[in-house]
Amino acid sequence: QVHLAESGGGLVQAGGSLRLSCAASGSVGSIRAMGWDREAPGKQREMVAEFDMWGSTNYADSVKGRFTISRDNAANTVYLHMNTLRPEDTAVYYCNAVIKDINLSFFTDYWGQGTQVTVST
């Protein structure tokens, strides 16, 4: 089985920074894409940042210039560096990945359990 483990959420004042981590573990064969979504109260889940299947990075317009996604391929880990945080960044952040389990012949979407980020004024 494949498991995504997130860490790094918390409470921060506006203008502050946080770094989220997401590590894929278990029977990870290959990773096609990996990134972060978020879901704020009363809003739809939205893509925040990702490495797509071609290895390119994509960002939501609302976070461009403030958030940076990076990865450690050897550790199957992706990071989200969040700077100049705003109260509207408050949400549950979910790691997601498209991974081929070594025991399977196809890629599957996986999701982490989410980590809360709260930005106070």
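Which handedness does the link of Cys22 and Cys95 have about the S-S bond? The link is left-handed, with -80 degrees about that bond. Cys22 sits in strand E3 and Cys95 in strand E9, so the pair ties together parts that are 73 residues apart in sequence. The model is predicted.

Stay with this disulfide for a moment. The structure holds one. Its S to S distance, from Cys22 to Cys95, is 2.0 Å. A disulfide is a covalent bond between the sulfur atoms of two cysteines. Are its two ends buried or exposed? Cys22 has 0% relative accessibility, so this residue counts as buried, the cut-off being under 20%. Cys95 also has a relative accessible area of 0% and is buried.

Next comes the open sheet that contains E3. Four strands form this sheet, in the order E1-E3-E8-E7, and their pairing is antiparallel. E1 and E7 stand at the edges with a single partner strand each, so one side of each has no neighbour in the sheet. From one strand to the next, the twist averages 15 degrees.

Walk across the sheet in that order. E1 and E3 run antiparallel and are joined by six bridges. Here Ala5 has Ala23 of E3 as its bridge partner. E3 then pairs with E8, again in the antiparallel sense, over six bridges. Arg19 is matched with His81 of E8. At the far side, six bridges join E7 to E8, and these strands run antiparallel. Ile69 has Leu80 of E8 as its bridge partner. In a regular strand the side chains alternate between the two faces of the sheet.

Now turn to E9, the strand that holds Cys95. Which strand pairs with E9 over five bridges? The partner is strand E10, residues 107-111, and the pairing is antiparallel. A hairpin of five residues joins E9 to E10. Within this pair, Ala97 is bridged to Tyr110 of E10.

The interior comes next. In soluble globular proteins, nonpolar side chains tend to be buried together. In this model the largest nonpolar core has 30 residues. Which members touch the most other members? They are Leu4, Trp36, Leu80, Met82 and Tyr93. Eight named strands each supply at least two residues of this core: E1 (2-7), E3 (18-26), E4 (28-39), E5 (46-51), E7 (67-72), E8 (77-82), E9 (91-101) and E11 (115-120). E9 gives the most, with five residues. Leu80, one of the core members with the most contacts, is also the bridge partner of Ile69.

Finally, look at the rings. How many aromatic pairs does a search of the whole structure find? The count is zero. Charged groups do sit over rings, however. Arg45 lies over the face of Tyr94, at 3.8 Å from the ring centre. Arg71 has its charged end over the ring of Phe51, 4.1 Å from the centre.

To retrace the path, begin at Cys22 in strand E3. Through E3, follow the sheet order E1-E3-E8-E7. Then take the disulfide to Cys95, and continue from E9 through the hairpin to E10. End at the core, where E9 gives five residues.

Notes. Residues are numbered from 1 along each chain as its sequence is written. This is a predicted model: local features need pLDDT of at least 70, side-chain atom pairs count only at pLDDT 80 or more; totals for chains, interfaces and linings use all residues. Side-chain values use heavy atoms; hydrogens and water are left out. A nonpolar core is a set of buried Ala, Val, Leu, Ile, Met, Phe, Trp, Tyr and Cys residues joined through side-chain atoms within 4.5 Å. Buried means under 20% relative accessible area, exposed over 50%, partly exposed in between (1.4 Å probe, protein chains only). Two strands pair if DSSP finds at least two bridges between them. A disulfide is a pair of cysteine sulfur atoms within 2.5 Å. Rings of Phe, Tyr and Trp (its six-membered ring) pair if their centres lie within 6.5 Å; planes under 30 degrees apart count as stacked, over 60 as edge-to-face and the rest as tilted. A charge sits over a ring if NZ of Lys or CZ of Arg is within 6 Å of the ring centre and within 35 degrees of the ring normal. Axes are lines fitted to C-alpha atoms, for helices over the stretch in contact, and angles run from 0 to 180 degrees between N-to-C directions.
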